[in-house]
Amino acid sequence: MSKKEKEVNEEVLEEEVKETETEKEDETSSLEAQLKDTKDQLLRTAAEYANFRARSAKEKEQTYSNAKGNVVSEILPAIDNLERALSQENSDYESLKKGVQMTLDGLMASLEKLGVEQYGESGDAFDPNYHNAVMHVEDESLGENVITDVFQKGYRISDRVIRPAMVKTAN
């Protein structure tokens, strides 16, 4: 091979190396641009998620606050009736008892409106999921696991027990 041919070959090789380097630089910049876009998308997604969590927490707190307000607004008429009963100076026992009974009825109606159910009656079957047996008596005239006395009524909303009934059971 002549000197001139060597020089031409070297020039061709140099051009090919330059073209390869240029292609690699283009590919690198393309990958860097894709990486930057991916990072931006990830940051936006993370910010959206943080906003969603904050909004959800705020909505949850607001729902809880609204529920408390609804319950209190249902109970306020009973409080008003009790205050009126106490403000009566010249009332006899029977009228006071009647006023307290009316107030209790109004309060129970409010609880019913809120979906609260009262339970626990003498003669009902004992269920440990809904009743708290604090006493037990053996009485052959009664059936097995029967409630004989109710010391405190139980309350529930659907299947959720708010307070179990405190009862005395037989057998």
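**Exercise 1. Classify Val 72 as buried, partly exposed or exposed, and place Val 72 in its helix and surface patch.**

Step 1. Val 72 is partly exposed because its relative accessibility is 46%, where buried means under 20% relative accessible area, exposed over 50% and partly exposed in between (1.4 Å probe, protein chains only).

The model is predicted: local features need pLDDT of at least 70 and side-chain atom pairs pLDDT 80 or more, while totals for chains, interfaces and linings use all residues. Residues are numbered from 1 along each chain as its sequence is written, and side-chain values use heavy atoms, without hydrogens and water.

Step 2. Helix H1, residues 3–87, contains Val 72; helices (H or I, at least four residues) and strands (E, at least two) are DSSP runs, numbered from the N terminus.

Step 3. Together with Leu 76 and Ile 79, Val 72 makes a nonpolar surface patch of about 230 Å².

**Exercise 2. Work out the strand order of the open sheet and how its strands pair.**

Step 1. The three strands of this open sheet lie in the order S1-S4-S5, with antiparallel pairing; two strands pair if DSSP finds at least two bridges between them.

Step 2. Strand S1 (116–119) and strand S5 (160–163) are the edge strands, each pairing on one side only.

Step 3. Four bridges link S1 to strand S4 (residues 154–157). Here Tyr 119 is opposite Gly 154, and Gln 118 is opposite Tyr 155.

Step 4. S4 and S5 are joined by three bridges, with Ile 157 opposite Arg 160. Two residues separate S4 and S5 in a hairpin, and Ser 158 in the turn has a positive phi of about 55°.

How values were computed. Patches are made of residues with over 30% relative accessible area and no salt bridge: like charges are joined within 9 Å, nonpolar side chains (Val, Leu, Ile, Met, Phe, Trp, Tyr) within 5 Å. Accessible areas come from the Shrake-Rupley method with a 1.4 Å probe; for residues, only the protein chains shown count as cover. A salt bridge is a side-chain nitrogen of Lys or Arg within 4 Å of a carboxyl oxygen of Asp or Glu.
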